[in-house]
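Work through these exercises with the sequence and the model side by side. Try each task before reading its solution.

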Amino acid sequence: MKKRAPEGLAYFDPYEGTPVLAAYRQTLPDQRDTDLLLAWCSFCGKFHIHGGQGKTPLQHDTHRRPHCVLRDESPYARSGYFLREVGPFPKEWDSYL
Ligand SMILES: [Zn+2]
């Protein structure tokens with residue numbers, strides 16, 4: 001079921017032609033090597049879940065290729081997107097997962 005983006009979600013202008021999505025860190029238990037980064041996909045109407053590349057916030061944008069690139073009509077089909085970490089995943093957005 002496609003939902004609307006949560007209120008307060010951050011957006012960025014295009015970055016060298018490739019979209020930049022706000023990424024929110026979801027902390028996993030200490031025994032896990034990495035946290036997760038969650039980015040809202042307006043095409044899928046849900047958060048995409050990516051690896052967080054460790055347990056500390058990323059200082060640089062990282063390029064990702066989401067699953068919906070396999071669908072031609074996805075806005076990310078050719079380019080993928082960059083994730084830009086903006087902060088922790090808000091607890092009040094849990095219902096979007
Ligand atoms: Zn998607």
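**Exercise 1. Overall dimensions**

What radius of gyration does the protein have, and why does it agree or disagree with that of a compact globule?

Solution. Start with the source. This is a predicted model; local features need pLDDT of at least 70, side-chain atom pairs count only at pLDDT 80 or more, and totals for chains, interfaces and linings use all residues. Residues are numbered from 1 along each chain as its sequence is written.

Now apply the rule. The radius is taken over C-alpha atoms, and the globule rule is 2.2 Å times the number of residues to the power 0.38. For 97 residues a compact globule would come out near 13 Å; the protein has 13 Å, so the two agree. Along its principal axes the C-alpha trace spans about 40 × 30 × 25 Å.

Then check burial. A residue is buried if 20 or more other C-beta atoms lie within 10 Å of its own, exposed if 12 or fewer, and partly exposed in between, with C-beta atoms placed from the backbone. Of the 97 residues, 18% count as buried.

**Exercise 2. Strands and sheet**

List the elements, then work out the order of the strands in the sheet.

Solution. Step one: count. There are zero helices and five strands. Both are DSSP runs numbered from the N terminus: helices are H or I of at least four residues, strands are E of at least two. The elements run β-β-β-β-β from the N terminus on.

Step two: find the pairs. Two strands pair if DSSP finds at least two bridges between them.

- β2 (residues 36–41) and β3 pair antiparallel over six bridges. L37 has H50 as its bridge partner in β3.
- β1 and β2 run antiparallel, joined by four bridges. A23 is bridged to A39 in β2.
- β1 (residues 20–26) and β5 (residues 81–88) pair in the parallel sense over six bridges. In β5, L83 is the bridge partner of L21, and G87 is that of Y24.
- β4 (residues 62–64) and β5 run antiparallel, with three bridges. H63 has F82 as its partner in β5.

Step three: chain the pairs together. The result is an open sheet of five strands in the order β3-β2-β1-β5-β4, with mixed pairing. β3 and β4 are at the edges with a single partner strand each, so one side of each is left without a neighbour in the sheet. From one strand to the next, the twist averages 45°. Axes here are lines fitted to C-alpha atoms, for helices over the stretch in contact, and angles run from 0 to 180 degrees between N-to-C directions.

**Exercise 3. The nonpolar core**

Which residues make up the largest nonpolar core, and which strand gives the most to this core?

Solution. Take the criterion. A nonpolar core is a set of buried Ala, Val, Leu, Ile, Met, Phe, Trp, Tyr and Cys residues joined through C-beta atoms within 7 Å. The largest has 12 residues in all: L21, A23, Y24, L37, L38, A39, W40, F47, Y76, Y81, F82 and L83. β1, β2 and β5 each supply at least two of its residues. β2 gives the most, with four.

Next, look at one member. Two residues are in contact if their C-beta atoms, placed from the backbone, lie within 7 Å. Not counting residues up to four places away in sequence, L38 touches A23, Y24, Q26, F47, I49 and F89.

**Exercise 4. Three residues to place**

Locate Q26, C44 and Q53, and classify the exposure of each.

Solution. Take Q26 first. Q26 is found in strand β1. Q26 is partly exposed, because 17 other C-beta atoms lie within 10 Å. Leaving aside neighbours within four places in sequence, Q26 is in contact with D35, L36, L38 and F89. The C-alpha atoms of Q26 and G51 are separated by 9.8 Å, at 25 residues apart along the chain.

C44 sits in the loop between β2 and β3. With 16 other C-beta atoms within 10 Å, C44 is partly exposed. C44 and F82 are 38 residues apart in sequence and 17 Å apart in space, C-alpha to C-alpha.

Q53 lies in the loop between β3 (46–51) and β4. Its count is 14 other C-beta atoms within 10 Å, so Q53 is partly exposed. Check the backbone too: phi of Q53 is near 55°, a positive value in a residue other than glycine.

**Exercise 5. Sequence range of contacts**

Among contacts between residues at least 6 apart in sequence, what percentage joins residues at least 24 apart?

Solution. Apply the contact criterion across the protein. The share is 48%.
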